[in-house]
Every structure is written in C-alpha cells, then in structure tokens.
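Ever wondered how people decide which labels to put on a protein structure? Let's take a few labels and check each one against its rule.

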Amino acid sequence: SELPWKEKMTVFDALQAAEKHPRGIKIDYSGSGETIFIKAIDDASNEGEGGSNWRYRINDQPARYSAGVAELKVGDAVVWRFAK
C-alpha cells in the first residue's frame, strides 16, 4: 500500500512502481507525459463513453492533470477507481 517516493514522481511513476512491486499489478497504457492514457489495470479495461473507466484521485481530490504530469508530494495518497 506504500511505495517509495522520489522527487518529481508523477502519478504514472507511482503506478509503474506498483507494477514492479512483488504483489504488483498489470497496467496497459498509451502515450507519454501529458498524453498518458491508462487503458487497463489488471483485468479491468476502460469501457469508453458511458461505461466504467479508470480515474484517479490524490488525497481524495479529483485528478486535474494527466497521470503522466501530476506530481506527488511525500505522503500523498493516490487512489485509482474503476467507475462510471
């Protein structure tokens, strides 16, 4: 549930660190930087408009930027939710 933080770490960096963790996850994505798009986490794939899709929150605040550019501070909590 906790990952090591590093300076300039983005939400996507944290997601990649979670993927490398011994109890890791699988991610599927496209793009880079501000165009990163998370297509799937483990076996749950985005369903597109009107369906369930992956969205993240930092410290219970909705995402304002792409996961590829949203930087984290020490102690930030990132939660990914698969919902409409």
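What follows is a set of questions and answers about this predicted model.

Q: What makes up the secondary structure of the protein?
A: One helix and six strands. Starting at the N terminus, you meet them as α-β-β-β-β-β-β.

Q: How do you know that the radius of gyration agrees with a compact globule?
A: You set the value against the rule. For 84 residues, a compact globule would come out near 12 Å, and the protein has 12 Å, so the two agree. If you like boxes better, the C-alpha atoms fill one of roughly 35 × 30 × 25 Å along the principal axes.

Q: Why is V11 called buried?
A: The label needs a relative accessible area under 20%. V11 has 0%, so it is buried. You'll find V11 in helix 1. Leaving out residues up to four places away in sequence, V11 touches Y56, I58, A67, A70, L72, V78 and W80. Across the whole protein, buried residues make up 30% of the 84 residues.

Q: Why is N46 called buried, even with a relative accessible area of 19%?
A: The cut-off is under 20%. N46 sits at 19%, so the label "buried" applies. N46 belongs to the loop between strand 3 (44–45) and strand 4 (53–58).

Q: What makes the link between the side chain of N46 and the backbone nitrogen of W54 a polar contact?
A: Such a pair of N or O atoms has to be within 3.5 Å. Here the distance is 2.8 Å. The side chain of N46 also has a polar atom 2.7 Å from the backbone oxygen of I38. Both I38 and W54 turn up among the residues that N46 touches, along with F37, K39, S52, N53 and F82, when residues up to four places away in sequence are not counted.

Q: How do you know that D43 and K26 form a salt bridge?
A: The nitrogen and the carboxyl oxygen must be within 4 Å. For D43 and K26, the closest N and O atoms are 3.5 Å apart, so the pair passes the test. This salt bridge links distant parts of the chain: D43 is in the loop between strand 2 (37–41) and strand 3, K26 is in the loop between helix 1 (11–20) and strand 1 (27–30), and they are 17 residues apart.

Q: Is D43 buried or exposed?
A: Exposed means over 50%. D43 has 72% relative accessibility, so it counts as exposed.

Q: How many salt bridges does a search of the whole structure find?
A: Two. Besides the D43 and K26 pair, there is one between the side chains of R57 and D60, at 3.3 Å from N to O.

Q: Why is R57 called partly exposed, while D60 is called exposed?
A: Partly exposed is the zone between the buried cut-off of 20% and the exposed cut-off of 50%. R57 has 27%, so it falls in that zone. D60 has 51%, so it is exposed.

Q: What makes strand 4 and strand 5 a pair?
A: Pairing takes at least two bridges. Strand 4 and strand 5 (residues 61–62) have two, in the antiparallel sense, so they qualify. I58 stands opposite Q61, and R57 has P62 as its bridge partner. In the hairpin of these strands, two residues lie between them, and N59 takes a positive phi near 50°.

Q: How do you know that strand 5 and strand 6 are at the edges of the sheet?
A: Look at the order first: this open sheet of three strands runs 5-4-6, with antiparallel pairing. Strand 5 and strand 6 each have a single partner strand, so one side of each has no neighbour in the sheet. Strand 4 pairs with strand 6 (residues 78–83) over six bridges, and N53 stands opposite A83 there.

Q: Which residues have the most contacts inside the largest nonpolar core?
A: They are V11, F12, L15, I38, I41, Y56 and W80, in a core of 16 residues. Helix 1, strand 2 and strand 4 each give two or more residues to this core, and helix 1 gives the most, with four.

Methods:
Residues are numbered from 1 along each chain as its sequence is written. This is a predicted model: local features need pLDDT of at least 70, side-chain atom pairs count only at pLDDT 80 or more; totals for chains, interfaces and linings use all residues. Side-chain values use heavy atoms; hydrogens and water are left out. Buried means under 20% relative accessible area, exposed over 50%, partly exposed in between (1.4 Å probe, protein chains only). A polar contact is a pair of N or O atoms within 3.5 Å; within protein, one must be able to donate a hydrogen and the other to accept it, and residues adjacent in sequence count only if both atoms are side-chain atoms. Contact means heavy atoms within 4.5 Å. A nonpolar core is a set of buried Ala, Val, Leu, Ile, Met, Phe, Trp, Tyr and Cys residues joined through side-chain atoms within 4.5 Å. The radius of gyration is taken over C-alpha atoms; the globule rule is 2.2 Å times the number of residues to the power 0.38.
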